[in-house]
Amino acid sequence: MNNKENKLGKLSAYAFLIIGTVFMLLPFLWMFSTSLKLEGKVFEYPIRWIPEPIEWSNYVTVLTEAPLFGGLMNTLIIILPPMFVGLLTSALAAYAFAKLRFPGREFLFVALLTTMMIPGVVTMIPTFILFKTIGWLDSWKPLMIPGLFGSAACVFFLRQYFRTIPSELEDAAKIDGLNPFGVFIRIMLPLSKPALAAQGIFGFLGGYNDFLGPLIYINSPEKFTLQLVLASFQGYYVSNWTLIMAGSVLALIPTVILFFFAQRYFVEGITMTGLKG
Amino acid sequence: MIMTEVSENRPVQPSRKAKRKFNKEYLWGYSFVAAPILGFMLFAFIPIGYSVYVSFTKYDAFNPPTFNGADNYARLLLEDPLFWKSLVNTLYAAIGIPIGMAAALAIAIALNQRIVGIKFFRTVFFLPTICSVVALTLLWKWVFNADYGLLNYLLGLINVSGPAWLNDVRWAMPSMIIQGVWAGLGFHMILYLAALQGVPTTLYEAAEIDGAGSWKKFLYVTIPGISPTTLFILITAVIAALQDFVRFMIMTEGGPEYSTMTIVYYLFQNAFRYMDMGYASAMAWILGILIMIITLINFWLSRRWVHYE
């Protein structure tokens, strides 16, 4: 009885998941298929999923006409330095909040946490005014400098992680004469590689996919990030969907590759944030 | 760094020797937390304070702000029908939250049946989460294309003539909801999957001994067991939904006839198109307060349905 019920349950689970998979993947397949068609061929009925002929020239066109590659370079220059520095500053603070004792620790931690609760829209305008006042508009600085100070979410997450590391290790290191910075570098960082990797990946992803920040701060086309370049396709290629889809496919490749190599960190990182948040 | 100084004055520690040793630790502690706290002051605390002030002024970001009392707030609440329309639209768009949560839970439950190929399915559902909003929005704009789009093609296969989706006043928002659910499923599914795996099997066994069938087990063991995760998803999803706008900007530009104008998109236009910073700041504060109230209500109601172990 129970066994039969189990089998039925599994069968319906598979059926459900397969329908879901179709729903999830069809748009992607359609995107890729469109990107390989000659311009007029997208209006064919019924849809040809495998285009005839397969036309790679759309990719050549967007890569030569639009500064996708330059946009990617700009994006990487903007996001990588703040990602590494911010990870370090966040981790240092997280270590202090988790393991060191100093007066006002809880107060400062809670103050930092409130940043996470303030809706982004409230700070959007005043920070724009701030960066405008100091003459940083149309530069990468507004996108880079704040990240160097670390992020509250990252501090929170890493603090939770550091707290699970037993204090005996620290104590032993202290007896060996290491100061807190030494303990942090020699003990904490090596033990928390997975957590740091997860946060680094989230930071990279957030920066890579960010559209609003660059949109507000950057005007000069040569300073455009990849997402700005891609968004400009809409105005530039109007309804030339083969080229727009080719650009979109290209823009997705870096994060998809990252995801396939680092899937474990994604899943662990998300579940840790979710369960403890 | 005013705060650290204030808190340093607090009396601590008995023995003098211990005190000196601890003081050194204080110094390490303060220097380690200095960067994020400074960042907090520069990019959160001071801007927020300034934003309160700006919301009571007329300010175009070129000429100095001029104080105009509560004019912005009065204009927003009393004289701006588009503000109210965008607020209603935003709440309408939030219908996607329960739909998405239910779907994510269903997928997580299906994945939790010791399925072969769990990694494949997990990847498939998670894929949109890592993709750029711009690329996905462009993709769906094409999917929703009235004449040659994928969706109306598929509907055509079953002899349904689909609407004009993004160009139809009635269907534009449902289209955005569909796209939002599709894009957000994976993230919530991962959270639910972890929560399901955390429900102790002993509880299911106990329920079985009491004669509970699958449905009752789901209702009385699973649902309470994962309720903390449900609360977490609900709160973060509501906060995100109330501020959702980039995909609206690219997909519909708020149209047709403002049917997909969301509140933050309207705010964004006021701030960066019309350079009406004071008015936009007032809007940001009304939304910010609304978000806080809804979050508090969520927490308050959660005492009735969230079970912590």
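This is a conversation about chains A and B of a predicted model.

Colleague: How many helices and strands does chain B have?

Modeller: The secondary structure of chain B consists of 15 helices and two strands.

Colleague: Which domains does the assignment give for chain B?

Modeller: Domain 1 covers residues 2-54 and domain 2 covers residues 77-305. Taken over C-alpha atoms, the centres of domain 1 and domain 2 of chain B are 39 Å apart.

Colleague: What is the radius of gyration of chain B, and what would a compact globule of 309 residues have?

Modeller: Chain B has 25 Å, whereas a compact globule of 309 residues would have a value near 19 Å. The C-alpha trace of chain B spans about 80 × 65 × 35 Å along its principal axes.

Colleague: What percentage of the residues in chain B are buried?

Modeller: Buried residues account for 41% of the 309 residues in chain B. As for contacts in chain B with a separation of 6 or more, 66% are between residues 24 or more positions apart.

Colleague: Let us turn to the two chains together. How many residues of chain B are in contact with chain A?

Modeller: On the side of chain B there are 75 residues, and they are in contact with 80 residues of chain A.

Colleague: Which helix of chain B gives the most to that side?

Modeller: Helix α2 of chain B, residues 16-54, gives the most, with 21 residues. By class, the side of chain B that touches chain A has 59 nonpolar, 13 polar and three charged residues.

Colleague: A change of topic: where are there cis peptide bonds?

Modeller: One joins Glu52(A) to Pro53(A), with omega near -5°. Pro53(A) is in the loop between α1 (2-35) and α2 (57-65) of chain A. Another joins Gly255(B) and Pro256(B), with omega about -10°. Pro256(B) is in the loop between α13 (246-251) and α14 (263-272) of chain B.

Colleague: Why remark on such bonds, or on a positive phi?

Modeller: Most peptide bonds are trans, and most residues other than glycine have a negative phi. Asp138(A), which is not a glycine, has a positive phi near 55°. Glu253(B) is not a glycine either, and its phi is positive at about 50°.

Colleague: Where is Asp138(A), and is that residue buried or exposed?

Modeller: Asp138(A) is in the loop between α5 (120-133) and α6 (141-148) of chain A. Asp138(A) is exposed because 12 other C-beta atoms lie within 10 Å, and a residue with 12 or fewer counts as exposed.

Colleague: And where is Glu253(B)?

Modeller: Glu253(B) is in the loop between α13 and α14 of chain B. Glu253(B) has 13 C-beta neighbours inside 10 Å, so this residue counts as partly exposed.

Conventions: Residues are numbered from 1 along each chain as its sequence is written. Chains are lettered from A and ligands numbered from 1 in the order in which they are written. This is a predicted model: local features need pLDDT of at least 70, side-chain atom pairs count only at pLDDT 80 or more; totals for chains, interfaces and linings use all residues. Helices (H or I, at least four residues) and strands (E, at least two) are DSSP runs, numbered from the N terminus. A residue is buried if 20 or more other C-beta atoms lie within 10 Å of its own, exposed if 12 or fewer, and partly exposed in between; C-beta atoms are placed from the backbone. Domain bounds come from an automatic or database domain assignment. Two residues are in contact if their C-beta atoms, placed from the backbone, lie within 7 Å. Ala, Val, Leu, Ile, Met, Phe, Trp, Tyr, Cys and Pro count as nonpolar, Asp, Glu, Lys and Arg as charged, and the others, Gly among them, as polar. The radius of gyration is taken over C-alpha atoms; the globule rule is 2.2 Å times the number of residues to the power 0.38.
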